Amino acid sequence: MGALDHFSNLFDCSSAGHHKKRKNFQTVEIKVKMDCEGCERKVRRSVEGMKGVSQVDIDRKASKLTVTGYVEPKKVVARVAHRTGKRVEIWPYVPYDVVDHPYAQGVYDKKAPAGYVRGDQQMSGGGLARASSTEVRYTTAFSDENPAACTVM
């Protein structure tokens with residue numbers, strides 16, 4: 001916070017002593033089903049007039065709405081749901097490159113767009129357990145890539 005910000009907060013008469021929390025500039029990704037150009041237009045108009053929004057991008061094929069600006073994710077989701085009457089949720093997918101086991105049960109989702117998997121379980125600590133060192137030793141002992149592997153095979 002600079003000196004001018006500090007002095008402007010001291011001499012601000014409109015807040016009556018209460019400090020307003022500033023919103024951060026962020027990107028909010030939302031999943032909302034859009035079938036046609038009319039749905040896309042309705043979703044775009046629902047957030048374009050919102051205070052703090054600087055850019056709205058829509059990918060109809062992936063059913064994805066991206067809002068950039070000084071906004072809060074919960075308020076954007078609530079506004080789109082209220083104005084359009086559609087089922088709306090925060091974008092639940094991550095690129096499959098980020099996940100350790102993209103085809104594991106609970107992570108792989110058939111409804112996900114191409115190149116994405118469900119990110120909820122992976123980010124919260126769920127997923128597959130790592131193999132112990134004993135298991136790794138036994139499985140690599142008979143591997144073709146291991147030059148010192150057992151020659152009995």
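The following dialogue explains how to read several features of a predicted model.

Me: What should I know about the model before reading it?
Reply: It is predicted: local features need pLDDT of at least 70 and side-chain atom pairs count only at pLDDT 80 or more, while totals for chains, interfaces and linings use all residues. Residues are numbered from 1 along each chain as its sequence is written, and side-chain values use heavy atoms, leaving out hydrogens and water.

Me: How are the strands of the sheet ordered?
Reply: Strands of a sheet pair through backbone hydrogen bonds, either parallel or antiparallel. Here, strands (DSSP runs of E, at least two residues, numbered from the N terminus) form an open sheet of four in the order S2-S3-S1-S4, with antiparallel pairing (at least two DSSP bridges between two strands). S2 and strand S4 (88-90) stand at the edges, each with a single partner strand, so one side of each lacks a neighbour in the sheet. Three bridges join S1 to S4, and Lys31 stands opposite Glu89 in S4.

Me: Is Thr66 buried or exposed?
Reply: Buried means under 20% relative accessible area, exposed over 50%, and partly exposed in between (1.4 Å probe, protein chains only). Thr66, in strand S3 (residues 64-69), has 15% and is therefore buried. Leaving aside neighbours within four places in sequence, Thr66 is in contact (heavy atoms within 4.5 Å) with residues including Val28 and Val56.

Me: What is notable about phi of Ser63?
Reply: Most residues other than glycine have a negative phi. Phi of Ser63, however, is near 55°, a positive value. Ser63 is found in the loop between S2 and S3.
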